[in-house]
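Student: I'd like a close look at one part of this model, the sheet that you think is best described from its middle outwards. Take your time and keep the pieces connected.

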Amino acid sequence: MALYPNGPTPYGNATALGITAATVVKAAPGVVVTVSVIVAGSAAGAIYDATSTSGNSATNQVAPILATAGTYAVKMPCTTGIVVIPGTGQTVAVSYD
């Protein structure tokens, strides 16, 4: 059975708000839909296809989290889980399915 037989919703079915530290957003397959950098940081962060906040690298990174404030679409499927690791000083929010 397909993960989303009718496709993911365009804006995501769930949100994770106020992320300031490495966070397992979803410990199951999903889709990162949107990232919003609420508070800019001094370094970029990243989103990983994983279920743990440790041991992540470029091999399982699905998107960067830009250091500047703003909102952007990601629309990237994750087959394992969704981990968000904000950059130094960042506060981010994500929508996901």
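Tutor: Here is a walk through one sheet strand by strand, followed by a short look at the other sheet and a loop.

Some ground rules. This is a predicted model, with local features needing pLDDT of at least 70 and side-chain atom pairs counting only at pLDDT 80 or more, while totals for chains, interfaces and linings use all residues. Residues are numbered from 1 along each chain as its sequence is written, and side-chain values use heavy atoms, with hydrogens and water left out.

The sheet is open and four-stranded, in the order E1-E8-E3-E6, and its pairing is antiparallel. At its edges are E1 (14-19) and E6 (70-78), each pairing on one side only. From one strand to the next, the twist averages 20°. Strands here are DSSP runs of E, at least two residues long, numbered from the N terminus (helices would be H or I, at least four residues). Two of them pair if DSSP finds at least two bridges between them. The angles come from axes, lines fitted to C-alpha atoms (for helices, over the stretch in contact), and run from 0 to 180 degrees between N-to-C directions.

Let's start with strand E8 (residues 91-96). How many of its residues are buried? Six of six, so E8 is mostly covered; buried means under 20% relative accessible area, exposed over 50%, and partly exposed in between, using a 1.4 Å probe and protein chains only. In a regular strand, side chains alternate between the two faces of the sheet. In E8, Thr-91, Ala-93 and Ser-95 point one way, Val-92, Val-94 and Tyr-96 point the other way, and all are buried.

On one side, E8 pairs with E1 through four bridges, antiparallel. One pair to find on your screen is Thr-15, whose bridge partner in E8 is Ser-95. Next along E1, look at Ala-16, which is buried at 14% relative accessibility. Ala-16 and Ala-93 are 77 residues apart in sequence, yet their C-alpha atoms are 5.6 Å apart in space. Leaving out neighbours within four places in sequence, Ala-16 is in contact (heavy atoms within 4.5 Å) with Val-25, Val-92, Ala-93, Val-94 and Tyr-96.

On its other side, E8 pairs with E3, again antiparallel, over six bridges. Here Ser-36 stands opposite Ala-93. Ser-36 belongs to E3 and is buried, with a relative accessible area of 16%. Its side chain also joins that of Thr-71 in a polar contact of 2.9 Å. By a polar contact I mean a pair of N or O atoms within 3.5 Å; within protein, one must be able to donate a hydrogen and the other to accept it, and residues adjacent in sequence count only if both atoms are side-chain atoms. Beyond four places in sequence, the contacts of Ser-36 are Gly-70, Thr-71, Thr-91, Val-92 and Ala-93.

Now cross to the edge. Seven bridges join E3 (residues 30-39) to E6, which run antiparallel, and Gly-30 has Cys-78 as its bridge partner in E6. Also in E6, Lys-75 is worth a click: its phi is positive, about 50°, although it is not a glycine. Lys-75 counts as exposed, at 59% relative accessibility.

For context, look at the other sheet too. Four strands form this open sheet in the order E2-E7-E4-E5, with antiparallel pairing. E2 (23-26) and E5 are the edges; each has a single partner strand, so one side of each is left without a neighbour in the sheet. Neighbouring strands are turned by 25° against each other on average, direction ignored. E2 is joined to E7 (residues 82-85) by three antiparallel bridges, and Val-24 stands opposite Val-83.

Last stop: the loop between E4 (45-49) and E5 (61-65), where Ser-54 sits. Ser-54 is exposed at 53% relative accessible area, and its C-alpha is 8.7 Å from that of Ala-22, 32 residues away in sequence. Asn-56 is in that loop as well. A polar atom of the Asn-56 side chain lies 2.9 Å from the backbone oxygen of Ser-52, and the Asn-56 side chain makes a polar contact of 2.7 Å with the side chain of Asn-60. Setting aside neighbours within four places, Asn-56 is in contact with Tyr-48, Ala-50, Val-83 and Ile-85.
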